[in-house]
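Open the structure in your viewer and keep the sequence panel visible. The stops below say what to select and what is there.

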Amino acid sequence: METKFSKETRCFKVSRVFPTDVNNHNTLFGGKLMSYIDDIASISASKLCRVTAVTASTDSVDFLQPIRPSDSVSLESFVTWTGRTSMEVFVKVIREDLLSGERKIAATAFLTFVALDKNNRPIPVPQVVPETEEERKLHETAEYRTKMRKGRREESKKFADYLLTQYPWE
């Protein structure tokens, strides 16, 4: 099986926070940040497999610090673990106060992507090899997250059986 280093999937994005990006609390819209997260994670996933990779789940997004208009927002993503056709991507969000230079982790996220062939069928992905301490820690703890993700997915499928598809006005 082909292997790639985590660093080969690493991506970075830095943005300024503009007035149109904030909510009524004068902090970055959560949905805007989630869009940035999915975008950069999808690039990391594609860099690993070099085929179309689709978001299978956003496993978690933890908002830890508010991001204000005086901040820049930096995102870093990389593939932390791979299954047979899927991969886990970690995204770290750092806010930097542009006036003081103070940096804090503003959010973290884990997403799962699946590699697809030209017929939109899942295909095997290269295994990822961690090198740095951060990459190794995320790789070592991925099995637990994978187990939790699979259990949550099964529960979601069961729960969906109870949900109605009929519109209220019908």
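Helices here are DSSP runs of H or I with at least four residues, strands are runs of E with at least two, and both are numbered from the N terminus. This is a predicted model, in which local features need pLDDT of at least 70, side-chain atom pairs count only at pLDDT 80 or more, and totals for chains, interfaces and linings use all residues. Residues are numbered from 1 along each chain as its sequence is written, and side-chain values use heavy atoms, with hydrogens and water left out.

Select residues 30-49. This is helix α1, with 20 residues; from first C-alpha to last it reaches 29 Å, close to the expected 28 Å (1.5 Å times one less than the number of residues). Colour its buried residues (under 20% relative accessible area with a 1.4 Å probe, protein chains only): among them are Leu33, Tyr36, Ile40 and Leu48. Next select Arg50, which follows α1 and has a positive phi, near 55 degrees.

Now select Ala56, Ser57, Arg149, Lys150 and Arg153, the residues nearest the centre of the largest pocket among the 15 that line it. Two or more lining residues come from each of β3 (52-63), β6 (103-116) and α3 (142-160). α3 gives the most, with 7. A pocket is an open set of 1 Å grid points, over the protein atoms alone, where a 1.4 Å probe fits, with protein on both sides within 12 Å along at least five of seven lines; lining residues have an atom within 4 Å of a point.

Last, select residues 7-119, which an unreviewed UniProt entry annotates as "domain: HotDog ACOT-type". This stretch is 18% helix and 50% strand, and its end C-alpha atoms are 29 Å apart.

Technical notes:
Buried < 20%, exposed > 50% of the residue type's maximum accessible area, 1.4 Å probe, protein only. UniProt positions renumbered as here; feature names shortened; annotations may be inferred.
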